[in-house]
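Thanks for coming, everyone. Please have a look at the structure on the screen, and I'll walk you through it.

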Amino acid sequence: MSLPNPENASTLENAMQLLIQTFHKYSGKEGDKYTLSRAELKEMLITELGNYLGNAQDKEAADKVMGDLDSNNDGEVDFTEFIILVGALTVACNDFFLEYNDKQEKKK
Ligand SMILES: [Ca+2]
Ligand SMILES: [Ca+2]
């Protein structure tokens, strides 16, 4: 497997690379370079997902997300755990999108 040249990468390939880059942008700040500590996770949630997780600012919300995501209970969020969050949020967004489309259709 080789990473495609960004200039001819497809939209989905670009999206995947952005997910990887975004994760590493936060995971490299402290401690283990390849996992998100609680502080790194919180910063990522606020900066990158503020619009979706409106209340991520409060500490309990970040703790709850950490608890939900950290499936191997090592106190850190690794890339696999991160991608599960993004996947679940994307599914939720798609549901919203479908519902919105349905409503638009009915208006016609
Ligand atoms: Ca880290
Ligand atoms: Ca973990």
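A compact globule of 108 residues would have a radius of gyration near 13 Å. This protein has 16 Å. Keep in mind that this is a predicted model. The C-alpha trace spans about 55 × 40 × 25 Å along its principal axes.

Now the fold. There are 4 helices and 0 strands. Going along the sequence, the pattern reads α-α-α-α.

How much of the protein is buried? Of the 108 residues, 25% count as buried. The accessible surface comes to about 7,800 Å². Carbon and sulfur atoms account for 56% of that surface.

Next, contacts. Take those between residues at least 6 apart in sequence. Of these, 41% join residues at least 24 apart.

On to charge. The protein carries 11 positive and 20 negative charges. Their mean positions are 8 Å apart.

Let's turn to the aromatic rings. A pair of aromatic rings is described by the distance of the centres and the angle of the planes. The count here comes to 3 aromatic pairs. Start with F23 and F82. Their ring centres are 5.1 Å apart and their planes are at 50°, so the pair is tilted, falling between the 30 degrees below which planes count as stacked and the 60 above which they count as edge-to-face. This pair links distant parts of the chain. F23 sits in helix α1, residues 11-27, and F82 sits in helix α4, residues 79-107. That puts them 59 residues apart. Both F23 and F82 are buried.

F82 has a second partner to show you: F79 and F82 also form a tilted aromatic pair. Here the distance is 5.7 Å centre to centre, with 40° between the planes. F79 and F82 both lie in helix α4. They are 3 residues apart, about one turn of the helix.

Buried or exposed: where does each of these two fall? F82 has a relative accessible area of 2%, so F82 is buried, the cut-off being under 20%. F79 is at 28% relative accessibility, so F79 counts as partly exposed. Put the rings together, and the pairs link F23, F79 and F82 into a cluster.

Now to the loops. K29 is in the loop between α1 and α2, and α2 covers 38-49. Which residues does K29 touch, leaving out those up to four places away in sequence? K29 touches E40 and E43. The relative accessible area of K29 is 47%, so K29 counts as partly exposed; exposed would need over 50%. One more distance for K29: I46 is 17 residues from K29 along the chain. The C-alpha atoms of K29 and I46 are separated by 15 Å.

Last stop, N73. N73 is found in the loop between α3, residues 59-69, and α4. What is notable about its backbone? Most residues other than glycine have a negative phi. Phi of N73 is near 55°, a positive value in a residue other than glycine. And how accessible is N73? At 67% relative accessibility, N73 counts as exposed.

To recap two points. F23, F79 and F82 form a cluster through ring pairs. N73 has a positive phi in the loop between α3 and α4. That's my tour, and I'm happy to take questions.

Conventions. Residues numbered from 1 in each chain as written. Chains lettered and ligands numbered in written order. Predicted model: local features only at pLDDT ≥ 70, side-chain atom pairs only at ≥ 80, totals over all residues. Heavy atoms only, no water. Helix = DSSP H or I, 4+ residues; strand = E, 2+ residues; numbered from the N terminus. Rg over C-alpha atoms; globule rule 2.2 N^0.38 Å. Buried < 20%, exposed > 50% of the residue type's maximum accessible area, 1.4 Å probe, protein only. Contact = heavy atoms within 4.5 Å. Areas by Shrake-Rupley, 256 points an atom, 1.4 Å probe, with all protein chains shown as cover. Lys, Arg positive; Asp, Glu negative; His and termini not counted. Charge placed at Lys NZ, Arg CZ, Asp CG, Glu CD. Phe/Tyr/Trp six-rings, centres within 6.5 Å; stacked < 30°, edge-to-face > 60°.
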